[in-house]
Amino acid sequence: MSNRIPDSFEAVLLTPLGRDAMLAADCLRMAGIEAVPCRDFEELSARVRAGVGTVLVTEEALTVERVRAFGDLVQEQPAWSDLPIVVFSSRLDTLRSRTAHLQELGNVSFVDRPVQRRTLVAAVRSALRARQRQYEGRRAIEAREQFLAMLGHELRNPLAAIVFATDLLGRGNADNPRLAKYTATVERQTRHLHRLVDDLLDVGRVTSGKVTLKREPVEMAALVRRSIEAHQVMAEAHGVSLIFTDDGTPVVVDADVVRLEQVATNLVTNALKYTPRGGRVAVRVGREGGQAVLSVQDTGLGIAAENLGSIFELFAQAPTTLDRARGGLGLGLTLVRTLVELQGGTVAADSPGVGLGSRFQVRLPLVVVDVVPASSKHGFPTPMPGRPRKRIVVVDDNADLREMLAELLGMVGYVVEEAGDGPQGLTRILSVRPDVALVDIGLPGFDGYELARQARRSLGDSVLLIAMTGYGQLDDQARAAEAGFDSHITKPVSLEDIEAAVAAPPSRSAPPAA
């Protein structure tokens, strides 16, 4: 069910006798409350799914089957919703035992019969006040998500320009040790900023239940090994030994590859961050009692006993000094716990005490498969010398980003054209008829979606359209595909990301909307 239902303050009523519902509705209307009697349970269900303020029902209407159906209705509600249900009864002991399942799922209150007018009105007003607070909470969540999306976009644009400029500096100063060192520092800190931005945006989506998992059989040891390889440079920079071991047998779980890799990455990064120079981080994947176990153990700062219970809470961190030298927003472990639980697993932390290191263990159910999944490494080809020169148009209103990217693409063999807004970008694409167009979404004039629609109508499939944007959530990707883009990459991107998008088969599954 969609999370976006209207802020309704309608009280819907269901009684076995229609006259009872009509009389109660008239009573509520006289008190200024919008009330709608329902003919049957099907009408009530339809109204609840469309959005109501509260449900009023009499005990006679709550058969065993109806209680189960009410439970299903409650479970369909969005995460923010705690639909108030008021039950009128004269046999509370019997009814409450019958509705125990419903009480566990929903916000159920009971009113004794016979019901006086003022009791009826008071009960409904109380339920609607509770509903009002839920609507306010939802609006706060929506405002937060909109703010985070805009913040992510505004942060990712300058980060993208820095990534491209750093790449250019690295290519041009490989023989100058001092400049190479400075360039590596900028690159390292940019990656750190990128990770903070991703965590900030992800935590809002994950904790509000807006993450869609793409689950498949995954060989866990191979996935974690890739993460370890990617973190060896970070470990060397921190002066920490990073070691990986496994049982030597396949450890297959039903998981989302991207999200499971995010779990491993956050745990390893966290361990490296809190382990001093000369320390050790040991990562192991194995089997225990029908479960796959990922263990990340370090010789770092450790966790005090009083902090173990809250270490996975939002914004929780081990106590740090004012310089906050290790950085972070206290989001990584919250993401780890939520992503693991979404995939049917558990995560736990233990530590002998402060200064004695810590261990994090992720447990996921093992699955039995006939063929062990291949270890597909998420690496991308780099441009090869001597290949045919492709024409590419870069459309972005950030001049620094556009110019740095154009120079970088030119260095590796592309013929590059630039544009700074939607109308200019469309004109350039239609006149040049490039092989590839890299298009930002938030453009002046008209946005990247409109550009893609018009370009696709004029050029058909002769141009590869790639959305390169700071908006990177699943609904952003879906909207890009609907507009006619072949693929979607989220800023900041590397040259390898662009090459992968150029080489990958189009993900667009339907023609753009006219």
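**Exercise 1. Find the residue that follows helix α10 and has a positive phi, then work out how well covered the helix is.**

Step 1. Go to the end of α10 in this predicted model. The residue to look for is G344, which follows α10 and has a positive phi, near 80°.

Step 2. Now check the helix itself. Of the 11 residues in α10, 8 are buried, so the helix is mostly covered.

Step 3. Put names to them: G332, L333, T334, L335, V336, T338, L339 and V340 are the buried residues of α10.

Step 4. Pick one and test it. T334 sits in α10, and its relative accessibility is 3%. The cut-off for buried is under 20%, so T334 counts as buried.

Step 5. Look for a neighbour of T334 in space. T334 and F312 are 22 residues apart in sequence, yet their C-alpha atoms are 4.9 Å apart.

**Exercise 2. F312 has an aromatic partner: say which residue it is, and what kind of pair they form.**

Step 1. The partner is F360. The ring centres of F312 and F360 are 6.0 Å apart, and their planes stand at 90°.

Step 2. Planes over 60 degrees apart count as edge-to-face, and that is the kind of pair F312 and F360 make.

Step 3. Place both residues. F312 is in the loop between β10 (291-298) and α10 (332-342), while F360 belongs to strand β12 (residues 358-365), so the pair ties together parts 48 residues apart in sequence.

Step 4. Check how covered they are. F312 is buried at 8% relative accessible area, and F360 is buried too, at 4%.

**Exercise 3. Count the aromatic pairs in the structure, then describe the one between F9 and Y135.**

Step 1. The count is 4 aromatic pairs.

Step 2. F9 and Y135 are 5.4 Å apart, centre to centre, with 90° between the planes, which makes the pair edge-to-face.

Step 3. Trace the chain between them. F9 is in the segment before β1 (11-14) and Y135 is in helix α6 (residues 117-172), so this pair links distant parts of the chain, 126 residues apart.

Step 4. Is each ring's residue buried or exposed? Y135 is buried, with 0% relative accessible area. F9 has 31% relative accessibility and counts as partly exposed.

Step 5. Add one more residue to the picture: W80 joins F9 and Y135 in one aromatic cluster.

**Exercise 4. Describe how α2 packs with α3, then do the same for α13 and α14.**

Step 1. Start with what you need: two packed helices are described by the angle between their axes and the distance between the axes.

Step 2. For α2 (residues 41-50) and α3 (residues 64-76), the axes come within 10 Å and cross at roughly 15°. Angles under 35 degrees count as roughly parallel, so α2 and α3 are roughly parallel to each other. Their crossing is right-handed.

Step 3. List who touches whom. From α2 come F41, L44, S45, V48 and R49, and they meet R66, A69, F70, L73 and E76 of α3. Sorted by class, that contact has 6 nonpolar, 1 polar and 3 charged residues.

Step 4. Turn to α13 (residues 448-459) and α14 (residues 474-483). Their axes are 8 Å apart and the angle is about 30°. By the same cut-off, α13 and α14 are therefore roughly parallel.

Step 5. Here Y449, A452 and R453 of α13 touch D476, R479, A480 and A483 of α14. The classes are 4 nonpolar, no polar and 3 charged residues.

**Exercise 5. Which peptide bonds into P114 and P492 are cis or trans, and where do these prolines sit?**

Step 1. The bond from R113 to P114 is cis, with omega near 0°. P114 is in the loop between β5 (107-112) and α6.

Step 2. The bond from K491 to P492 is cis as well, with omega near -10°. P492 lies in the loop between β17 (487-490) and α15 (495-503).

**Exercise 6. Compare two loop residues, R433 and D440: is each one buried or exposed?**

Step 1. R433 lies in the loop between α12 (422-432) and β15. Phi of R433 is positive, near 50°, and this residue is not a glycine.

Step 2. At 52% relative accessibility, R433 counts as exposed.

Step 3. D440, in the loop between β15 (436-439) and α13, is buried at 0% relative accessible area.

Methods. Residues numbered from 1 in each chain as written. Predicted model: local features only at pLDDT ≥ 70, side-chain atom pairs only at ≥ 80, totals over all residues. Heavy atoms only, no water. Axes fitted to C-alpha atoms, helices over the stretch in contact; angles between N-to-C directions. Helix = DSSP H or I, 4+ residues; strand = E, 2+ residues; numbered from the N terminus. Parallel < 35°, antiparallel > 145°, perpendicular 65-115°, else oblique. Left-handed = near helix turned anticlockwise from the far one by under 90°. Contact = heavy atoms within 4.5 Å. Nonpolar A, V, L, I, M, F, W, Y, C, P; charged D, E, K, R; others polar. Phe/Tyr/Trp six-rings, centres within 6.5 Å; stacked < 30°, edge-to-face > 60°. Buried < 20%, exposed > 50% of the residue type's maximum accessible area, 1.4 Å probe, protein only.
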